[in-house]
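Please work through the exercises below with the sequence and the model side by side. Each task is followed by a solution that proceeds step by step.

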There are 2 protein chains.
Amino acid sequence: MVIAKAWVLKKHFDGFPKTSDFDLKEIELPNLKDGELLLASVFLSVDPYMRPYSRRLMKEGDIMIGTQVARIVESKNPAFAVGAFVVCDRGWRTHFISDGKDLRLLPSSWPESLPKSLALGTVGMPGLTAYFGLLEVCKMKPGETVLVNAAAGAVGSVVGQLAKIGGCKVVGCAGSDDKVAYLKKLGFDEAFNYKTVKSLDEALSKASPDGYDCFFDNVGGEFASVAINQMKKYGRIAVCGAISEYNDSVPQKGPYVQYPMIFKELQMEGFLVTRWNHRREEGLNALLKWVVEGKVKYHEQVTEGFENMPMAFIGMLKGENIGKAVVKV
Amino acid sequence: MVIAKAWVLKKHFDGFPKTSDFDLKEIELPNLKDGELLLASVFLSVDPYMRPYSRRLMKEGDIMIGTQVARIVESKNPAFAVGAFVVCDRGWRTHFISDGKDLRLLPSSWPESLPKSLALGTVGMPGLTAYFGLLEVCKMKPGETVLVNAAAGAVGSVVGQLAKIGGCKVVGCAGSDDKVAYLKKLGFDEAFNYKTVKSLDEALSKASPDGYDCFFDNVGGEFASVAINQMKKYGRIAVCGAISEYNDSVPQKGPYVQYPMIFKELQMEGFLVTRWNHRREEGLNALLKWVVEGKVKYHEQVTEGFENMPMAFIGMLKGENIGKAVVKV
């Protein structure tokens with residue numbers, strides 16, 4: 001008999017999540033029926049979206065939502081062999097049973113040498129978010145200038161590198177000097193610490209005096225309000241995230257955006273990566289190829305131990321990670 | 001010898017424009033040279049854009065910008081006959097000299113019975129703004145629901161009627177009961193006075209419980225912040241104007257827009273009608289045809305007397321007009 005551990009949302013977050021908002025629960029799993037599989041989570045993802053989605057999709061007592069790389073430990077389903085690795089969205093738990101329908105195999109060309117945790121990051125949802133956001137929302141073209149914030153994060157670090165592959169100039173902003181050093185290592189043309197510059201407006205203007213064609217926004221709030229005024233005519237803004245706002249109990253206020261929108265004839269579009277689920281394979285294969293060729297580099301912040309998931313989540317929301325934050329069970 | 005009168009910007013507007021911000025000036029025009037024409041303004045336009053553009057394009061002492069319908073009163077240019085009517089952008093003045101290059105003739109199919117002032121409204125820049133904003137920015141499709149504010153204004157009243165012609169349900173908001181009655185006469189499906197409803201949110205929700213596919217925004221500010229939360233998934237917002245913000249000395253603040261943008265995957269695009277100058281003829285011909293057929297109705301608020309231009313402009317900014325505000329010289 002298998003006892004799964006799971007983290008539940010004990011109390012809806014009020015402001016910044018606290019470890020006391022979570023509860024660790026044990027669940028006794030039944031024996032497998034024909035067609036079923038038993039899986040063990042190997043890597044679990046902590047992502048910014050979990051914060052706003054907790055309020056939208058979960059009630060107190062629910063298991064935290066999320067994606068994992070899991071290994072098949074027992075199989076009564078001939079389509080799946082014991083030992084195979086899959087990706088699925090079963091939330092924060094160590095073990096679970098599946099009939100196989102919700103499991104996604106890693107791309108068949110996945111090299112043995114590549115960490116499987118990348119399927120939660122650069123070759124997973126965050127990588128796809130960068131890929132479709134740049135291609136389909138920003139409509140990036142060679143020779144353009146792309147701005148990305150939270151640039152050392154799981155999505156931002158891929159955005160910058162894909163924009164370089166696409167022939168763009170890339171300006172990245174991050175919240176620590178270590179992160180800025182990382183961005184320069186990744187090949188960003190310009191990078192600065194937005195927390196220590198005297199004026200964000202001046203720093204953006206210095207990094208690209210002609211302004212920005214594309215702005216991939218992971219941060220929202222005040223950053224976005226300043227950046228929108230530095231867009232070029234007909235600039236495109238992909239609204240991917242708003243991490244600066246997720247933990248506000250009382251919504252922040254900012255200037256209305258209509259003025260720069262009108263006079264620069266800007267396009268702003270919000271998106272969720274699920275819009276391109278039908279093109280997931282295309283995206284993953286492209287990302288995997290670039291990673292294997294060394295054209296897209298990655299960094300992971302691995303927290304050891306399932307018991308540390310809340311801490312890893314909170315640390316990620318505080319921006320403590322460089323690259324993708326994952327938890328190793 | 002001709003003495004032209006002209007209104008100049010005496011002092012940059014601070015908050016709401018006042019009549020003391022304007023000065024009436026006389027300009028002695030020289031005799032015509034070969035190739036030149038003398039024109040007399042017949043109708044002059046007052047439009048919301050003049051308020052923000054005064055700060056962007058003008059310095060104190062400049063003649064107020066704007067468009068007029070003018071009559072050719074003297075011609076030393078064989079391409080233009082005395083008595084012909086043209087449209088041009090010569091600002092607030094009674095007479096001026098042109099070499100003909102900046103003059104636009106009225107469409108050749110213009111019926112004698114139609115007021116020529118319509119070339120400043122429904123069959124002019126405001127009509128084109130509605131036409132291209134709906135088609136190219138909102139990407140309106142039959143069966144969709146369109147929201148428009150400042151709906152009894154020069155642009156809004158055309159937006160609603162074009163959306164009806166395009167097979168949409170139309171909800172219009174305006175700031176007086178007379179305007180709401182006018183919208184109903186124009187065939188709007190739903191219309192309400194946003195100044196007297198208890199809750200804008202509830203009124204919008206009642207007018208279209210399923211939300212809005214398209215939002216043609218002439219107002220910006222708080223109205224837009226409320227309306228954005230009523231958009232359907234993948235809704236499109238055409239940011240045409242922000243009249244609620246034009247007269248602020250200190251910019252108003254509102255909630256950041258990123259949340260609804262992301263979770264509803266909305267598109268927001270600002271635009272200036274000049275983007276489609278190369279398609280002006282297409283737009284004007286379509287608008288003129290609908291007006292002649294009676295499918296697009298119009299109303300004009302005509303102020304008599306060039307000396308009353310500042311008052312007409314201020315009244316328009318206060319929303320005193322139904323339909324297009326023009327001044328008859």
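The exercises that follow deal with chain symmetry, aromatic pairs, a lysine in each chain, a helix and some backbone angles.

The model is predicted, so local features need pLDDT of at least 70 and side-chain atom pairs count only at pLDDT 80 or more, whereas totals for chains, interfaces and linings use all residues. Residues are numbered from 1 along each chain as its sequence is written, chains are lettered from A and ligands numbered from 1 in the order in which they are written, and side-chain values use heavy atoms, with hydrogens and water left out.

**Exercise 1. Determine which rotation and shift superpose chain A on chain B.**

Step 1: Two copies of a chain are in general related by a rotation about an axis and a shift along it.
Step 2: Superposition is by least squares on the C-alpha atoms of residues with pLDDT of at least 70 in both copies.
Step 3: Chain A falls on chain B after a rotation of 180 degrees with 0.0 Å of shift along the axis, at an RMSD of 0.0 Å. The two copies are therefore related as by a two-fold rotation axis.
Step 4: The copies meet through the same surface, because 100% of the interface residues of chain A are also interface residues in chain B.

**Exercise 2. Classify the aromatic pair of Phe22(A) and Trp92(A), and say where its members lie.**

Step 1: Rings of Phe, Tyr and Trp (its six-membered ring) pair if their centres lie within 6.5 Å, and planes under 30 degrees apart count as stacked, over 60 as edge-to-face and the rest as tilted. This rule gives 34 aromatic pairs over all chains.
Step 2: Phe22(A) and Trp92(A) are stacked, at 5.5 Å centre to centre and 10 degrees between the planes.
Step 3: Phe22(A) belongs to strand 2 (residues 22-29) of chain A and Trp92(A) to the loop between strand 5 (85-88) and strand 6 (95-98), so the pair ties together parts that are 70 residues apart in sequence. Helices (H or I, at least four residues) and strands (E, at least two) are DSSP runs, numbered from the N terminus.
Step 4: Both Phe22(A) and Trp92(A) are buried, where buried means under 20% relative accessible area, exposed over 50% and partly exposed in between (1.4 Å probe, protein chains only).
Step 5: For comparison, Phe13(B) and Phe313(B) have ring centres 6.1 Å apart and planes at 35 degrees, so this pair is tilted. Phe13(B) lies in the loop between strand 1 (2-9) and strand 2 (22-29) of chain B and Phe313(B) in helix 9 (residues 309-317), so the parts tied together are 300 residues apart in sequence.

**Exercise 3. Describe the surroundings of Lys179(B) and of Lys179(A).**

Step 1: Lys179(B) is found in helix 4 (residues 177-186) of chain B.
Step 2: Although buried, Lys179(B) has no salt bridge, and the nearest side chain of opposite charge, Glu320(B), is 9.2 Å away. A salt bridge is a side-chain nitrogen of Lys or Arg within 4 Å of a carboxyl oxygen of Asp or Glu; Lys and Arg count as positive and Asp and Glu as negative, while His and the chain ends are not counted.
Step 3: Apart from neighbours within four places in sequence, Lys179(B) is in contact (heavy atoms within 4.5 Å) with Ala152(B), Ala174(B), Gly319(B), Asn321(B) and Ile322(B).
Step 4: In chain A, Lys179(A) is buried, with a relative accessible area of 11%. Its C-alpha is 9.1 Å from that of Gly323(A), although Lys179(A) and Gly323(A) are 144 residues apart in sequence. Under the four-place exclusion, the contacts of Lys179(A) include Ala152(A) and Ile322(A).

**Exercise 4. How many residues of helix 2 of chain A are buried, and what follows this helix?**

Step 1: Helix 2 (residues 125-137) of chain A is mostly covered, with ten of its 13 residues buried.
Step 2: Among the buried residues are Tyr131(A) and Phe132(A). Ring pairs link Tyr131(A) and Phe132(A) into a cluster with Phe216(A), Phe271(A), Trp276(A) and Trp290(A).
Step 3: Lys139(A), with a positive phi near 50 degrees, follows helix 2 of chain A.

**Exercise 5. Are Ala150(A) and Glu265(B) buried or partly exposed?**

Step 1: Ala150(A) has a positive phi of about 45 degrees although it is not a glycine, and at 30% relative accessibility Ala150(A) counts as partly exposed.
Step 2: Glu265(B), also not a glycine, has a positive phi near 50 degrees, and Glu265(B) is buried, with a relative accessible area of 2%.
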